[in-house]
Amino acid sequence: MSLDPGCAAPRQTLTVPEARRTILDAVAPVGGHECVALRASLGRPLARDVIAPCNVPAHDNSAMDGYAVRAEDLPADGEVSLQVVGTAYAGRGFSGIVGRGQAVRIMTGGVMPMGADSVVVQEVVGVDGERITVPGGLRLGQNVRRAGEDLAEGGVAIPRGKRMGPAELGLAASLGLAEVAVTRCLRVAFFSTGDELASVGRPLAPGEVYDSNRYTLHGALARLGCELIDMGVVPDRPDELEAAFLTAAGSADVVLTTGGVSVGEADFIRDLMQRLGEVGFWKIDIKPGRPMAFGRIGKAWMFGLPGNPVAVMVTFYQFVQDALLKLSGVDPLPERPLMPAVCVAPVRKLAGRCEFLRGRLFAEDGVWKVKPASAQGSGVLRSLSEANCFIVIDETRGDVTAGETVPVQLFEGLI
């Protein structure tokens with residue numbers, strides 16, 4: 001998809017929904033798949049529908065421990081005495097036929113014997129040797145799981161694009177599948193930019209800081225199952241940055257950089273993207289994370305994230321993660337789910353841009369409340385480690401007073 005280069009003009013700043021929509025409208029699944037063992041598919045999107053090769057359950061069976069009976073033998077009210085003629089266990093059924101006035105002891109999961117159509121739970125049955133007393137009022141088919149009730153043979157058990165989770169692993173296993181077809185792993189190249197960045201494991205020189213962003217991105221990308229190409233730290237020199245861009249774009253589906261997208265003298269990322277490819281936009285009405293470039297170089301999609309550690313995480317989870325999911329064949333949610341919570345402390349904010357504050361969500365007296373982190377600077381990574389949610393204050397709102405309700409976005413399932 002061709003991007004409108006006019007979007008790169010400094011006068012244009014997108015809102016958060018506009019930026020998200022621009023990205024998701026542009027990207028499309030990369031294609032390609034592989035068959036993997038069922039357990040190895042965890043977290044991977046399916047490349048094609050999983051079709052049920054058989055009914056699940058395969059036979060009518062009992063949903064409860066009790067007695068398999070004929071509903072027509074039971075009165076609408078009162079009681080009836082029935083003769084117990086055998087037992088049906090899970091995996092070992094009753095081979096006979098249940099006749100008039102008879103019943104079969106049956107365990108949960110036991111195949112319904114021929115002639116029986118309903119199950120009476122054992123708790124309401126009176127037992128006297130080989131006879132039972134059953135109350136009336138039983139509905140036809142009560143406590144019976146029908147063959148194909150969970151899945152009918154030939155039906156779609158798990159749709160294409162669904163990420164394989166624990167439930168999907170169990171569902172595929174219930175169909176007897178040893179392997180499934182999943183989309184190929186998305187290849188993502190990433191590097192940090194900046195002369196001030198030092199690799200971990202060595203002492204810092206004057207003016208240096210450790211490069212934490214690559215470790216943040218490594219964790220975020222690894223959890224998505226991406227194939228990672230870590231290109232390290234690239235100095236703020238145009239020739240080395242250009243070489244890194246071309247190498248990354250030639251070997252990956254997506255290129256992620258951190259730093260170098262603002263308007264500083266040594267911020268070269270946006271200019272290089274414009275010269276080597278296309279830029280969709282590079283400013284968003286968001287805090288933190290206002291300078292963020294999106295575009296492409298060759299066939300690779302490009303995200304130029306800010307350099308501040310918190311801004312990296314905010315922009316990754318608000319914009320990049322869903323783009324990666326869509327590229328992998330997953331349809332992301334149209335909007336991020338939010339829940340209301342009472343803000344227990346005041347928040348200073350200027351209207352005009354959407355802010356993502358770090359907060360701690362908790363329950364008190366049956367009410368969900370949220371406490372903003374004390375340090376909200378875009379370089380304070382500790383605030384993210386200690387938080388469990390984003391407090392999302394949109395561009396129309398100004399200051400928040402203590403006691404006001406605010407929308408929060410849970411980290412669980414997001415980060």
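How many bridges join strand 5 (residues 79-88) to strand 6 (residues 102-106), and do they run parallel or antiparallel? Four bridges join strands 5 and 6, and the two run parallel. Before the close-ups, a word on what you are looking at. This is a predicted model in which local features need pLDDT of at least 70 and side-chain atom pairs count only at pLDDT 80 or more, while totals for chains, interfaces and linings use all residues. Residues are numbered from 1 along each chain as its sequence is written, and side-chain values use heavy atoms, with hydrogens and water left out.

**View 1. Strands 5 and 6 sit in an open sheet of six strands.** The strand order here is 7-4-6-5-9-8, with mixed pairing. Strand 7 (118-121) and strand 8 (126-128) stand at the edges with a single partner strand each, so one side of each is left without a neighbour in the sheet. From one strand to the next, the twist averages 40 degrees; axes are lines fitted to C-alpha atoms, for helices over the stretch in contact, and angles run from 0 to 180 degrees between N-to-C directions. To find your place in the parallel pair, look for Thr87, whose bridge partner in strand 6 is Arg105. As for the labels, strands (E, at least two residues) and helices (H or I, at least four) are DSSP runs numbered from the N terminus, and two strands pair if DSSP finds at least two bridges between them.

**View 2. A second open sheet has six strands in the order 16-13-17-21-20-18.** The pairing is mixed here. Strand 16 (227-234) and strand 18 are the edge strands, each pairing on one side only. Neighbouring strands of this sheet are turned by 15 degrees against each other on average, direction ignored.

**View 3. Zooming in on strand 20 (residues 291-297), we find it mostly covered.** Six of its seven residues are buried, where buried means under 20% relative accessible area, exposed over 50% and partly exposed in between (1.4 Å probe, protein chains only). Strand 18 (residues 278-283) joins strand 20 through four bridges, running antiparallel, and Lys283 has Pro291 as its bridge partner in strand 20. Strand 21 (residues 300-305) also pairs with strand 20 in the antiparallel sense, over five bridges. Here Gly295 has Met302 as its bridge partner, and Ile297 stands opposite Ala300. Strands 20 and 21 form a hairpin with two residues between them, and Gly298 in the turn has a positive phi of about 65 degrees.

**View 4. Arg184 and Asp253 form a salt bridge.** Their closest N and O atoms are 2.8 Å apart; the term covers a side-chain nitrogen of Lys or Arg within 4 Å of a carboxyl oxygen of Asp or Glu. The pair links distant parts of the chain, 69 residues apart: Arg184 is in the loop between strand 12 (179-183) and strand 13 (187-193), and Asp253 in the loop between helix 4 (238-251) and strand 17 (254-258). Asp253 is buried, at 11% relative accessible area. A search of the whole structure finds 18 salt bridges.

**View 5. Arg336 meets Asp322 in another salt bridge, with the closest N and O atoms 3.6 Å apart.** Asp322 lies in helix 6 (309-327) and Arg336 in the loop between helix 6 and strand 22 (339-343), so the pair ties together parts that are 14 residues apart in sequence. Asp322 counts as buried at 3% relative accessibility.

**View 6. Arg348 and Asp399 make a salt bridge between two loops.** The N to O distance is 3.7 Å. Arg348 is in the loop between strand 22 and strand 23 (354-364), and Asp399 is in the loop between strand 25 (389-393) and strand 26 (405-410), so the contact ties together parts 51 residues apart in sequence. Arg348 is exposed, at 74% relative accessibility, whereas Asp399 is partly exposed, at 45%. Elsewhere, salt bridges that share partners join Arg20, Asp322 and Arg336 into one network.

**View 7. Cys343 and Cys389 do not form a disulfide.** Their sulfurs are 9.5 Å apart, too far for a bond, given that a disulfide is a pair of cysteine sulfur atoms within 2.5 Å. Cys343 is buried at 1% relative accessible area, and Cys389 is buried at 0%. The structure holds zero disulfides.
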